[in-house]
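Look at the structure below and keep it in view while reading. The paragraphs take up the pairing of the chains, then a sheet, then the core.

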Number of protein chains: 2
Amino acid sequence: MITGKNLIGNQHSARGNTVFTTFDPQLNEENEWKFVEASEEEIDAAVELAMEAFSEFSTASGSVKAAFLREIALQIEGLGDELIAVYCKESGLTEGRAKGERGRTCFQLRSFADLVEEGSWVNATIDTALPDRDPIPKPDIRKMAIPIGPIVVFGASNFPLAYSTAGGDTASALAAGCPVIVKSHPMHAATSELVAFAVRKAAKQTGMPEGVFSHLNSSGIEVGQALVKHPGIKGVGFTGSRIGGRALFDIAAQRREPIPVFAEMGSINPVVLLPEALEKNATTWARKYAASITLGTGQFCTNPGLLLAIKSEELKEFMNVLSEVLEATSPGCMLHPRIHEKYTSLKSEMIAGKEVETIADLRDRVAPNYAQQSAVTVSGNVFLSHPKLHQEVFGPFSMVVVCDNAAELERVISSLEGQLTGTLIAEKDEIKRYPNILQNLKNKVGRLIFNGVPTGVEVCPSMQHGGPYPASTDSRFGAVGIHAIQRWVRPMSYQNWPDAMLPEALKNANPLGISRLVNGKLTSEPL
Amino acid sequence: MITGKNLIGNQHSARGNTVFTTFDPQLNEENEWKFVEASEEEIDAAVELAMEAFSEFSTASGSVKAAFLREIALQIEGLGDELIAVYCKESGLTEGRAKGERGRTCFQLRSFADLVEEGSWVNATIDTALPDRDPIPKPDIRKMAIPIGPIVVFGASNFPLAYSTAGGDTASALAAGCPVIVKSHPMHAATSELVAFAVRKAAKQTGMPEGVFSHLNSSGIEVGQALVKHPGIKGVGFTGSRIGGRALFDIAAQRREPIPVFAEMGSINPVVLLPEALEKNATTWARKYAASITLGTGQFCTNPGLLLAIKSEELKEFMNVLSEVLEATSPGCMLHPRIHEKYTSLKSEMIAGKEVETIADLRDRVAPNYAQQSAVTVSGNVFLSHPKLHQEVFGPFSMVVVCDNAAELERVISSLEGQLTGTLIAEKDEIKRYPNILQNLKNKVGRLIFNGVPTGVEVCPSMQHGGPYPASTDSRFGAVGIHAIQRWVRPMSYQNWPDAMLPEALKNANPLGISRLVNGKLTSEPL
């Protein structure tokens with residue numbers, strides 16, 4: 001049963017005055033549940049509780065945190081079909097996608113459980129004393145990562161499970177030892193509540209301090225902004241729009257004590273199609289890209305919104321097939337009427353642009369909230385002189401930029417903003433003839449793909465999901481995979497500390513058996 | 001010979017109109033050299049050149065960068081006595097300190113050379129493909145750290161060598177593969193020029209691209225601000241005042257593309273003296289702290305400006321000895337008349353505070369620019385209610401806060417801002433009786449010292465020099481030791497990339513023989 005209440009530690013609370021509902025885009029009607037937005041007092045209470053919890057939770061052992069994370073995964077799985085049904089009713093996504101995302105969410109939780117249970121992630125670094133060193137003795141110094149404090153996680157509209165309530169940001173922050181307050185996404189508040197209750201149950205069953213997790217409802221931007229301003233909050237995880245992410249970044253930077261905001265704000269994911277590859281496989285790539293552009297109704301951050309190539313007959317062939325397959329693809333439902341509306345208006349704006357030619361635009365009548373996929377083409381010259389053409393159209397849309405030659409293609413790549421991904425479609429020997437294209441693309445992106453599509457973000461240690469601004473607000477970190485934990489920790493050194501008083505990770509005996517850098521050598525041996 | 005000109009790549013340039021001099025605080029007179037502040041055109045030229053250099057330098061091999069860094073160290077050593085003499089004339093510091101700092105600077109350069117020559121610092125992470133995975137194949141993904149782009153380094157007033165022109169920030173940025181533009185500190189522009197010429201010579205001799213290093217003079221804040229605003233600049237290293245660091249942080253955060261600013265802004269470095277330790281060793285600790293407070297005329301970022309204890313007879317004894325030794329210590333010269341003036345006025349403001357009692361204040365006549373060391377005491381209650389007493393007095397000054405009991409001591413620690421260091425003076429068994437004190441202190445600091453003094457920052461991998469704001473603007477990184485390189489890099493993933501086109505660090509054969517995380521296991525074996 002959905003209560004519509006906020007969850008502040010163990011307390012269900014609904015003291016606010018603003019009530020809102022979520023929307024079923026497939027049925028094109030409001031869902032039945034009513035949610036009460038968190039009040040200022042409730043926000044303060046959640047942060048206070050998180051601050052209290054921090055002193056205990058920040059020093060919880062890896063195995064304690066692992067048990068908590070694994071129990072969250074079990075509890076989420078225990079929600080069974082209700083979670084899947086509610087997810088679909090709030091997102092318009094398919095049952096298959098819901099189950100896939102649930103699997104990914106639980107996989108992430110268990111990956112972080114494994115990581116902290118093993119323990120080497122704290123980067124323990126030890127330099128032992130040299131009491132007789134001349135001219136001054138060298139002290140014993142030992143460093144490890146410790147958590148920074150309570151974190152706010154914003155639910156993402158396009159990933160109701162894997163990048164929301166118990167998604168990657170929450171899992172990595174909890175794994176680090178940081179209490180988490182989730183501001184649920186207003187479009188899927190019920191899905192979020194179900195998951196929040198699962199987290200709460202897991203916290204109780206594994207004996208976590210009450211404030212380790214709270215969950216607040218919001219219909220607009222106020223709750224999130226109040227959380228980011230709160231002095232008790234020490235970091236922010238966000239996946240969403242550029243405007244939303246930048247607003248939170250600015251608030252955080254203007255605090256008396258600035259805090260890190262990890263905002264992943266999407267990207268148009270340029271794809272460079274080199275001539276020989278098009279000569280050999282124009283049709284194959286056109287089919288693959290039509291599928292990638294429409295995957296999940298184009299609502300992935302890694303959707304390929306920009307296809308770059310040099311003019312040729314084969315490029316024309318590519319565009320013909322792309323157009324054909326795009327128009328033959330069944331249209332998909334979007335997450336919410338507001339997202340659908342924004343897609344439609346931005347797409348129309350692009351299509352109406354001077355010197356922009358439409359190459360595909362589904363004209364069939366579609367059900368409400370279903371997107372009509374589309375593709376357009378412009379010359380390199382026009383693209384270079386119109387910054388508006390560089391913006392993201394969230395949905396099943398892509399733009400083919402036709403350059404006169406390799407030099408113009410280089411300039412187009414140089415003109416781009418930071419991106420999550422960049423893709424090169426090329427024959428193997430062909431790459432070497434375009435070194436500047438590769439170099440320019442590399443400087444813009446967090447992930448460089450060869451002969452593939454950018455959609456499909458594998459969750460593994462080697463994945464970088466993030467990139468130069470505006471793909472994310474801090475390109476030095478990523479949101480996917482175990483290294484995401486590094487966003488929520490800071491190194492701390494212990495100097496001349498008695499062995500018995502050191503954290504386990506730094507003790508002489510190495511009781512955790514972790515890998516440590518000891519006097520410059522990586523080892524898991526005791527000292 | 002000091003030219004007073006800017007160094008833009010290989011060009012000596014002096015097109016600006018503002019001319020300034022440096023000052024010899026020992027002789028209390030201006031030095032003879034004239035420096036020409038960089039003009040807007042010169043700033044642009046330096047950044048353009050750095051951007052050009054980036055494409056080559058960013059992919060330079062570890063051994064190429066190591067040769068460059070080692071040659072810088074050799075060239076600095078080759079400057080011989082001239083460097084030492086100029087250093088002393090611009091800082092008032094002793095020849096011994098100058099030589100020590102030169103040694104540290106060269107040690108840092110060589111440490112980073114060793115680090116990048118060995119190569120494992122790039123955190124290579126490889127997950128190989130599973131083409132038959134169900135339901136979708138797993139691609140081959142490989143991640144490593146790559147440099148973020150041109151960096152601006154601000155010279156630090158209190159470390160003319162080790163945290164200035166070729167100091168820790170520059171060495172770590174060059175090691176990462178980032179071109180560096182140094183904005184020299186106006187108080188030691190000649191020292192900076194000598195070192196800049198040494199870097200230039202080393203760049204030429206080791207075949208670096210011209211824009212890998214430039215050096216700009218400035219008398220005020222304009223040149224630095226223009227550099228931080230420049231879209232070609234991708235990161236900033238700064239050591240200095242809180243006002244200066246925050247101003248740069250704000251400029252960087254407000255850019256269209258925000259960039260990371262690593263500003264280390266000092267700290268009052270609280271020291272907690274527990275009762276039993278004072279019972280046993282009040283006199284010894286008082287002597288050690290009198291020496292630490294006056295070391296380098298109190299001009300270290302880790303100077304102990306705050307001593308916290310519970311009232312007792314032994315604390316009185318501690319204060320008596322501290323007072324005695326402080327007043328008997330020979331006064332030292334400060335770096336510059338402006339720094340001396342600020343010390344004197346802030347100290348007087350502290351001494352004049354209501355309910356502040358002076359326990360030591362050197363009254364002897366001293367030479368111009370020499371500091372009269374001082375210590376004061378206040379009650380915990382007064383300290384808690386007067387935020388002004390929490391500010392840093394840069395120089396040989398400290399404040400003893402006398403608390404009524406352990407609970408008040410805890411509150412005092414909780415009231416502090418972020419700090420570079422925190423120190424606990426205690427008997428071993430005593431610590432366990434004050435768990436909250438230890439926990440509160442830990443949350444405030446980057447380095448926790450047991451029974452020692454905070455001055456003396458060992459340069460080694462386990463050192464954390466940084467801390468929660470305002471000690472630094474990003475507590476997740478540090479400015480000292482090899483891990484400082486992580487400030488200037490970002491992870492990038494290669495997906496499905498042909499082996500021959502991968503960077504050496506990620507190739508199957510592991511030609512660099514580095515340690516890599518391959519399918520979750522750390523190994524230096526080939527694939």
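Through which surface do the copies meet? In this predicted model, 100% of the interface residues of chain A are also interface residues in chain B, so the copies meet through the same surface. Chain A can be superposed on chain B by a rotation of 180 degrees, with 0.0 Å of shift along the axis and an RMSD of 0.0 Å. The two copies are thus related as by a two-fold rotation axis. In chain A, the C-alpha nearest this axis belongs to A:Ala253, at 3.3 Å from it.

Next comes a sheet to which both chains contribute strands. It is open, has 12 strands with mixed pairing, and follows the order 16(A)-17(A)-18(A)-15(A)-14(A)-19(A)-20(A)-21(B)-8(B)-7(B)-22(B)-23(B). Its edge strands, each pairing on one side only, are strand 16 (357–361) of chain A and strand 23 (521–523) of chain B. From one strand to the next, the twist averages 20 degrees.

Where the order passes from chain A to chain B, strand 20 (residues 445–450) of chain A pairs with strand 21 (residues 489–495) of chain B in the parallel sense, over 3 bridges. Here A:Arg447 stands opposite B:Ser493. Helix 14 (residues 435–442) of chain A packs on the sheet and touches strand 14, strand 19 (419–425) and strand 20 of chain A.

Last is the largest nonpolar core, with 350 residues. Those with the most contacts inside it include A:Leu308 and B:Leu308. Helix 6 (residues 189–205) of chain B gives the most to this core, with 10 residues. Leaving aside neighbours within four places in sequence, the contacts of B:Leu308 include B:Leu273, B:Val401 and B:Ile413.

Note on methods
Residues are numbered from 1 along each chain as its sequence is written. Chains are lettered from A and ligands numbered from 1 in the order in which they are written. This is a predicted model: local features need pLDDT of at least 70, side-chain atom pairs count only at pLDDT 80 or more; totals for chains, interfaces and linings use all residues. A nonpolar core is a set of buried Ala, Val, Leu, Ile, Met, Phe, Trp, Tyr and Cys residues joined through C-beta atoms within 7 Å. A residue is buried if 20 or more other C-beta atoms lie within 10 Å of its own, exposed if 12 or fewer, and partly exposed in between; C-beta atoms are placed from the backbone. Helices (H or I, at least four residues) and strands (E, at least two) are DSSP runs, numbered from the N terminus. Two residues are in contact if their C-beta atoms, placed from the backbone, lie within 7 Å. Copies are superposed by least squares on the C-alpha atoms of residues with pLDDT of at least 70 in both. Two strands pair if DSSP finds at least two bridges between them. Axes are lines fitted to C-alpha atoms, for helices over the stretch in contact, and angles run from 0 to 180 degrees between N-to-C directions.
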